[in-house]
Amino acid sequence: MSQFCKNCGAPLADGERLCTNCGKVAPRQHKTVVKSESQFSAINQGMYENKQLTDVKRQFSPMMSATNGTLTKERERSAKETQHKAENARKMAKMRNLGNNNFDAQAKGIRATEIETTSGNERKSSLHPKLNKLAWIVLALVVLYFAVGGIFILMYRNATYDFGIEGENPLVADTYGEAMSNYFESGWWHFRFTKGVYFVGKTKDGDKYELHFSKFAGKRVVDKLVINGEEKDADDIMKAWIMPMFMAEEKP
């Protein structure tokens, strides 16, 4: 590359720095050229790198746009899903509140019905214990009645009577029970609070006797005798009617 003197413009040989025409020293231009080339190289390299970055950006811009679009759609879908869940939660809360209100109303109705029903049941319940108590009282009275009657019947059946017969004793029976069994073909002992102890029997001839017992002078005696519906008014029922019963033959 030919060089020229910057002072006078005369041509300079390669490598010469001293101008033969004007005697001036020419500066080192190759360093400036090299430096300029380096700067241009750096600039060109930067431009090349920028071009590469631009190409890369252009290449990845669709992918980035697609990725950004996908992310945007995903965000929108997530937002819609969140909003949908929130709406469902509000609906469920509203339904629960409505159900609770209905339940409270039903509960109030049930409580009112229970109060009314309970009132009726309380009246019935207050009546049932009284009926049960009355039933137990009646049962106790019946048991007491039969117990007392059985005791009185047993006392009279096992009682005896001294007819005052002297000499050999012609009596076959010792108690009223034995006398009634020997004299009558069939018979039953009874007890009534109004009548006391009495015996009803039939003889072999079919006559019906009704003998009422009582206690007189410390002894148990027959104070009333009814035969075939006719009451006997004998002065001495014991000797006239009852003593023959004690003298009746014993049944085999």
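Visitor: Which residues form the nonpolar patch on the surface, and how much accessible area do they have together?

Guide: Leu 134, Val 138, Val 142 and Phe 146 form that patch, with about 380 Å² of accessible area together. Keep in mind that this is a predicted model.

Visitor: Where does Phe 146 lie, and is Phe 146 buried or exposed?

Guide: Phe 146 lies in helix H1. Phe 146 counts as exposed, at 57% relative accessibility.

Visitor: Let me zoom out. How many helices and strands are there in the chain?

Guide: The chain has three helices and seven strands. Along the sequence they follow the pattern β-β-α-α-β-β-β-β-β-α.

Visitor: And what share of the residues counts as buried?

Guide: The chain has 252 residues, and 18% of them count as buried.

Visitor: Back to H1, then. What does Arg 77 form a salt bridge with?

Guide: Its partner is Glu 81, and the closest N and O atoms are 3.2 Å apart. Both residues sit in helix H1, which covers residues 29-157, and because they are four residues apart they are separated by about one helical turn.

Visitor: Why can side chains like that pair?

Guide: Side chains of opposite charge can pair when their charged atoms come close.

Visitor: Which other side chain meets Glu 81 in a salt bridge?

Guide: That is Lys 85, with an N to O distance of 3.7 Å. Lys 85 and Glu 81 are also four residues apart in H1, about one turn of the helix.

Visitor: How exposed are these three?

Guide: Arg 77 is partly exposed, with a relative accessible area of 44%. Glu 81 is partly exposed too, at 35%. Lys 85 counts as exposed, at 53% relative accessibility.

Visitor: How many salt bridges does a search of the whole structure find?

Guide: The search finds three. Besides the two in H1 that we have just met, Glu 230 forms one with Lys 232, where the closest N and O atoms are 3.9 Å apart. Glu 230 is partly exposed at 47% relative accessibility, and Lys 232 is partly exposed at 22%.

Visitor: Which residues do shared partners join into one network?

Guide: Arg 77, Glu 81 and Lys 85 are joined into one network by salt bridges that share partners.

Visitor: Switching to charge on the surface: which residues form the negative patch?

Guide: Glu 231, Asp 233, Asp 235 and Asp 236 form the negative surface patch. Asp 233 is placed in the loop between strand S7 (230-232) and helix H3 (237-246). With a relative accessible area of 71%, Asp 233 is exposed.

Visitor: What about cysteines? How many disulfides does the structure hold?

Guide: It holds zero disulfides. Cys 5 is in none, and the nearest cysteine sulfur, that of Cys 22, is 3.7 Å away. Cys 5 is buried, with a relative accessible area of 5%.

Visitor: Why is there no bond between Cys 19 and Cys 8?

Guide: The sulfur of Cys 19 is 3.4 Å from that of Cys 8, its closest cysteine sulfur, and this is too far for a bond, because a disulfide needs the pair of sulfur atoms within 2.5 Å. Cys 19 is buried as well, with a relative accessible area of 2%.

Visitor: New topic, backbone angles. What is the phi of Ala 217?

Guide: Ala 217 has a positive phi of about 55 degrees although it is not a glycine. Ala 217 is found in the loop between strand S5 (208-216) and strand S6 (219-227). Ala 217 is exposed, with a relative accessible area of 68%.

Visitor: And where does Asn 228 lie?

Guide: Asn 228 lies in the loop between S6 and S7. Asn 228 has a positive phi of about 55 degrees too, and is not a glycine. With a relative accessible area of 48%, Asn 228 is partly exposed.

Visitor: Last one, Thr 175. Is Thr 175 buried or exposed, and where does Thr 175 lie?

Guide: Thr 175 is buried, with a relative accessible area of 16%. Thr 175 lies in the loop between H1 and helix H2 (176-183). The C-alpha atoms of Thr 175 and Thr 160 are separated by 4.5 Å, while the two residues are 15 residues apart along the chain.

Key
Residues are numbered from 1 along each chain as its sequence is written. This is a predicted model: local features need pLDDT of at least 70, side-chain atom pairs count only at pLDDT 80 or more; totals for chains, interfaces and linings use all residues. Side-chain values use heavy atoms; hydrogens and water are left out. Patches are made of residues with over 30% relative accessible area and no salt bridge: like charges are joined within 9 Å, nonpolar side chains (Val, Leu, Ile, Met, Phe, Trp, Tyr) within 5 Å. Accessible areas come from the Shrake-Rupley method with a 1.4 Å probe; for residues, only the protein chains shown count as cover. A salt bridge is a side-chain nitrogen of Lys or Arg within 4 Å of a carboxyl oxygen of Asp or Glu. Lys and Arg count as positive and Asp and Glu as negative; His and the chain ends are not counted. The place of a charge is taken as NZ of Lys, CZ of Arg, CG of Asp or CD of Glu. Helices (H or I, at least four residues) and strands (E, at least two) are DSSP runs, numbered from the N terminus. Buried means under 20% relative accessible area, exposed over 50%, partly exposed in between (1.4 Å probe, protein chains only).
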